[in-house]
Structure formats: C-alpha cells, structure tokens
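Please open the structure in a viewer and keep the sequence panel visible beside it. The stops below follow one another, each beginning with a selection.

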Amino acid sequence: MTLAVSPAVVVFDFDGTLVDSFDWFCRTQARLASEFRFRAFDPEALDVVRSKSARELMRESGVRWWQVPSVTRRARSLMREEVDAIAAFPGVDEALDVLRRKGVRLALV
C-alpha cells in the first residue's frame, strides 16, 4: 500500500467496512425483534435485506421511531460483547498496520 500523501487521521466505519458483520447483524436483528417486539427478517430473503436501506428495513420490520434509540443502544451493547466473533475482512489487519507504522492516527465511527 502506497500513500501519495500522508494524512494525519484516517476515519473508518467499523461495521461493514472493516469487519464482515452481516451474519452477526442478521442473528442480532432476530434477537432484537424478539426483545422489542418487531418483525424479524425472513432468513430466506437475506439477499433482499442486503439491498435495502436502514429506513426501509425499519419500516418493513415494524420498528417504531421511538424505539430506535433503545434498539440502537442494545445492538451496540451486543456488538461490544460479541466483537471477537465478528471477522475482519481479508487484508484489513495488514492495511491498518501499514497506516499505523506510517504514523497515521486511526479512528472508528
């Protein structure tokens, strides 16, 4: 990996950018659906789920706007508990190491 310009900071989105969290997301969505009483995704339609926006998925699941903060907090909590079970995409570790060795500060959102 060669950088023409060395940025001071590189910001990454963790979920879906650095790690392949789709399987975790599907399992967790089913768990959250049970806890918060909305519809879980159909396991047979996961290809369709991948193509939808968050807003479309919420509408189809029946998540109410007022549930979003609680559902989000719970999902983040579960991700923190289970982060070791979510695999990084191939090459991510090496790319982050190169950036780190070049003195680039790394941040996650």
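Begin by selecting strand β1 (residues 9-12) together with strand β2 (residues 105-108); four bridges join the two strands, which run parallel. Two strands are taken as paired if DSSP finds at least two bridges between them. Helices (H or I, at least four residues) and strands (E, at least two) are DSSP runs, numbered from the N terminus. The model is predicted: local features need pLDDT of at least 70 and side-chain atom pairs count only at pLDDT 80 or more, whereas totals for chains, interfaces and linings use all residues. Residues are numbered from 1 along each chain as its sequence is written, and side-chain values use heavy atoms, with hydrogens and water left out.

Next, display the side chains of β1. In a regular strand the side chains alternate between the two faces of the sheet. Here Val 10 and Phe 12 make up the covered face, while Val 9 and Val 11 make up the uncovered one.

Now select Phe 12. Which residue of β2 stands opposite Phe 12? The residue is Leu 108. Leaving aside residues up to four places away in sequence, Phe 12 touches Leu 18, Leu 96, Leu 99, Leu 106, Ala 107, Leu 108 and Val 109; contact means heavy atoms within 4.5 Å.

From Phe 12, widen the view to the interior. The largest nonpolar core has 18 residues, and those with the most contacts inside it are Phe 12 and Phe 38. At least two residues of this core come from each of β1, α1, α4 and α5 (92-101). A second, separate core has five residues, including Phe 22, Cys 26, Val 49 and Leu 57. A nonpolar core is a set of buried Ala, Val, Leu, Ile, Met, Phe, Trp, Tyr and Cys residues joined through side-chain atoms within 4.5 Å. Buried means under 20% relative accessible area, exposed over 50%, and partly exposed in between (1.4 Å probe, protein chains only).

Select helix α1 (residues 22-36) next. The helix has 15 residues and reaches 20 Å from its first C-alpha to its last, close to the 21 Å expected at 1.5 Å a residue; the expected span is 1.5 Å times one less than the number of residues. Its buried residues are Phe 22, Trp 24, Cys 26, Thr 28, Gln 29, Leu 32 and Ala 33. These buried residues pack against α2 (46-50), α3 (54-61) and α4 (68-82).

Within α1, compare two residues. Is Thr 28 buried or exposed? Thr 28 is buried, because its relative accessible area is 6%. Thr 28 touches Leu 78 and Glu 82, not counting residues up to four places away in sequence. Arg 31, also found in helix α1, is partly exposed, with a relative accessible area of 37%. With the same sequence neighbours left out, up to four places away, Arg 31 touches Arg 74, Leu 78 and Glu 82. To see how the chain returns to this place, mark the C-alpha atoms of Arg 31 and Ala 75: they are 9.5 Å apart in space and 44 residues apart in sequence.

Turn now to the aromatic rings. A pair of aromatic rings is described by the distance of the centres and the angle of the planes. Rings of Phe, Tyr and Trp (its six-membered ring) pair if their centres lie within 6.5 Å; planes under 30 degrees apart count as stacked, over 60 as edge-to-face and the rest as tilted. The count comes to two aromatic pairs. Phe 25 and Phe 41 form a tilted pair, at 5.9 Å centre to centre and 40° between the planes. This pair links distant parts of the chain, with Phe 25 in helix α1 and Phe 41 in the loop between α1 and α2, 16 residues apart. Phe 25 counts as partly exposed because its relative accessibility is 31%, whereas Phe 41, at 16%, counts as buried. Ring pairs link Phe 22, Phe 25 and Phe 41 into a cluster.

Keep Phe 22 selected and add Arg 50. Arg 50 lies over the face of Phe 22, at 3.7 Å from the ring centre. A charge sits over a ring if NZ of Lys or CZ of Arg is within 6 Å of the ring centre and within 35 degrees of the ring normal.

Finish at Arg 37, just after α1, in the loop between α1 and α2. Most residues other than glycine have a negative phi. Arg 37 has a positive phi of about 60° although it is not a glycine. Arg 37 counts as exposed, because its relative accessibility is 76%.
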